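Please open the model in your viewer and keep the selection panel at hand. The tour below goes from one selection to the next and says what is to be found at each stop.

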Amino acid sequence: MVASTHWIATAAAQAVLERGGNAFDAATAGAFVLHVVEPHLNGPGGDLVGIFATAADPTRPLVLMGQGPAPHNATIEHFRGEGLDLVPGAGALAAAIPGAVDAWLLLLRDHGSWELGEVFAFARDYARHGHPLLGRVSSTIAAVSELFETHWPSSAALWMPQGRVPQAGDLVVNPAYADTLDRLTDAGRHADSREGRIDAARAEWSTGFVAEAAARFVRDKHRHSSGTDHAGVIDEQDFAAFRASYEPAVTLDFRGVTVAKSAAWGQGPALLQSLAILDGFDDERLDPSTALGAHTILEAQKLSLADREAYYGDVEVPLEYLLSAGYAEERRALITDRASSEFRPGSVPGVLAYHPPLRMPSDPTGENDEFAGSGEPTVSPAGVTAGDTCHIDVVDAWGNMISVTPSGGWLQSSPTIPELGFCLGSRLQMMWLDPSSPSALVPGRRPRTTLTPTLLLRDGHPIAALGTPGGDQQDQWQLLYLLRTLVGGYSPQEAIDAPAFHTTSFPESFWPRTWEPGGAVVEGRVGADVIAELRRRGHRITVAGDWSLGRLSSVGRDASTGLLTAAANPRGAQGYAAGR
């Protein structure tokens, strides 16, 4: 079974399963389709975090690490010298080394069974012959059309080919990306094994025409979200130095289930911290449908996200302490009947907590007030994006299971590289130009990403994989899903359909890094009584649309019967689950 954020990707991945491919073949095929059909949400120049378990070794969840680090010339001194106090939210200076493509090819080589050309066929055909444009892609292009026409002509040429914004349902093509996929496939034509052919494509990506074209293109100055012009710093050496990898998952046991996440170079452990805090409360305080439950959950999330800002990054993070029962008890005691409007990281012996700048949306440095409370992706005319991501989950008949959140390389991230049909990402905006931060901009260090898929295991067997787009909100919405399914007895689809909410009372990961003290965003379906009570408790509530927060999907497997399940998000009428 397959669930993803776009029906065409789900259909392509399910077609692979129907033709005998396994979950890893299917996920890879579906992911390359997502590059084509959700170009405003992800791209080949972006990154990913995945988590999976194999049928051969089901007890050992692994993280697929596709997050590239900062280029070797991306230093605080260089950015400060360019007159910047934050890493821009759009433009090639914000580009980490692309990691998504190498990660997918690593997964396919080691755990898949299909040839590269077969896996690429779906994406290549949609790129060359066209697919119907989503309304959200059209609105994204419209938002940045002036930027494209005035400053990014290569992007205008690809996304506004007749000098106009394409409309929802228009058939759009990307022949340059189709050619890129063909050239990667052709790179391995003389290799004598499937693995060798895939490795040849990886080498062509990292040391061949892709690296050369990208590095050459970004040497020219172009407009960034700062309103100033800069050249990128990424070069061929950076592409050649990166390789995707596997890492052990970080886990926490909650209500008889092992929850597996990436390490603290991502935000995943913040979900585990929230679960550890909440595990000490009675079940009535874990019900997201009540004011008491929503209040308790929001307050727990504030504490975990404060620790994320204070301690997480691609450095030595004291996770054993942060996930300990004693520390969770200490944090739990801070939750009262009133909403907190403070930034309250905990105290870890021997480790100095970082306190980031607490910028308000109304600050002169924070011009994106419209981002506050954003559930769906929001794009400013400068190309700044909040919450843009896509997602795919797959489980097969053998018991292989994978959840992956690809992102970055959005069509609005930086100018399109004409020869390649895509642009670089902007993940470095999640790093601070402050050397005391655990997520400081340092060459070779990974930005602390927001990408955070989840794998669940019971008695040593994977039982579910899930995730969602949504930037800083990804784990907040997944927390609601876990509480509803593991405590409340909801089915996966019921949990996805239920009303969602999240806190905004922490510094955003996305430029311009603002926060809203005591802020919370709720779907109107939460109910007037619940909203009124949350306000009475001191939460600064923003009421979003009834079906506006989150784009969760999940797959599952009953280890005792082999029964497979899947669920997809109805919001936006775009996600889809399929299987048999």
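What follows is a walk through a predicted model, taken one selection at a time.

**Stop 1: strand β20 and its partners**

Begin by selecting residues 553-557, which make up strand β20, and note that this strand is mostly covered, with four of its five residues buried. Add residues 461-467, strand β16, to the selection: β16 and β20 pair in the antiparallel sense, and four bridges connect them. To find one of the places where they meet, pick L466, whose bridge partner in β20 is S554.

Now add residues 564-567, strand β21, which runs antiparallel to β20 and is joined to it by four bridges. Here G556 is the residue to pick in β20, and T565 in β21 stands opposite G556. Following the chain from β20 to β21 takes you round a hairpin with six residues between the two strands, and in that turn G562 has a positive phi of about 80 degrees.

**Stop 2: the largest pocket**

Keep β20 on display and turn to the largest pocket, which has a volume of about 380 Å³. Its lining consists of 19 residues, and those closest to the pocket centre are R458, I463, A464, G556 and R557. Which element supplies the largest share of this lining? The answer is β20, with four residues. To show the other elements that supply at least two lining residues each, colour β15 (454-458), β16 and α17 (474-487) along with β20. If you then colour the lining of the largest pocket by residue class, you should count ten nonpolar, six polar and three charged residues.

**Stop 3: the second largest pocket**

Move next to the second largest pocket, with a volume of about 280 Å³. It is lined by 19 residues, and selecting A157, L158, W159, P161 and V173 will bring up those closest to its centre. The elements that give two or more residues to this lining are α8 (153-159), β5 (171-172) and α9 (175-186), and the largest share, four residues, comes from α8. By class, the lining of the second largest pocket holds twelve nonpolar, five polar and two charged residues.

**Stop 4: an enclosed space**

Leave W159 selected for the next stop, which concerns cavities. A search of the whole structure finds seven cavities of 30 Å³ or more, and the second largest cavity holds about 150 Å³ of space. Of the 18 residues that line this second largest cavity, the closest to its centre are H35, P39, W159, N174 and G421. Its lining has ten nonpolar and eight polar residues, and no charged residues.

**Stop 5: the nonpolar cores**

Select F32, W104, L275, V394 and I402, which, of the 146 residues in the largest nonpolar core, touch the most other members. Helix α2 (residues 23-37) provides the largest share of this core, eleven residues. Centre the view on V394 and display its contacts: leaving aside residues up to four places away in sequence, V394 touches M1, V2, L17, A23, A26, A27, N400, M401, I402 and V555. Apart from the largest core lies another core of 16 residues, including A90, L134, L147 and V165.

**Stop 6: backbone geometry in two loops**

Two loops remain, and a general point helps in reading them. Most residues other than glycine have a negative phi, and most peptide bonds are trans.

Select W511 and P512, which are joined by a cis peptide bond with omega of about 10 degrees. P512 lies in the loop between β17 (501-503) and β18 (519-523), and R513 is found in that loop between β17 and β18 as well. Although R513 is not a glycine, its phi is positive, at about 65 degrees.

Finally, select A573 in the loop between β21 and β22 (576-578); its phi is near 50 degrees, a positive value in a residue other than glycine.

Is each of these two residues buried or exposed? R513 has a relative accessible area of 1% and is therefore buried, under the 20% cut-off. A573, at 67% relative accessibility, counts as exposed, because exposed means over 50%.

Methods:
Residues numbered from 1 in each chain as written. Predicted model: local features only at pLDDT ≥ 70, side-chain atom pairs only at ≥ 80, totals over all residues. Heavy atoms only, no water. Buried < 20%, exposed > 50% of the residue type's maximum accessible area, 1.4 Å probe, protein only. Pairing = 2+ DSSP bridges. 1 Å grid on protein atoms, 1.4 Å probe; cavity = no way out; pocket = protein on both sides within 12 Å on 5 of 7 lines; lining within 4 Å. Points joined across faces, edges and corners; volume = space filled by probe spheres on them. Nonpolar A, V, L, I, M, F, W, Y, C, P; charged D, E, K, R; others polar. Core = buried A, V, L, I, M, F, W, Y, C linked by side-chain atoms within 4.5 Å. Contact = heavy atoms within 4.5 Å.
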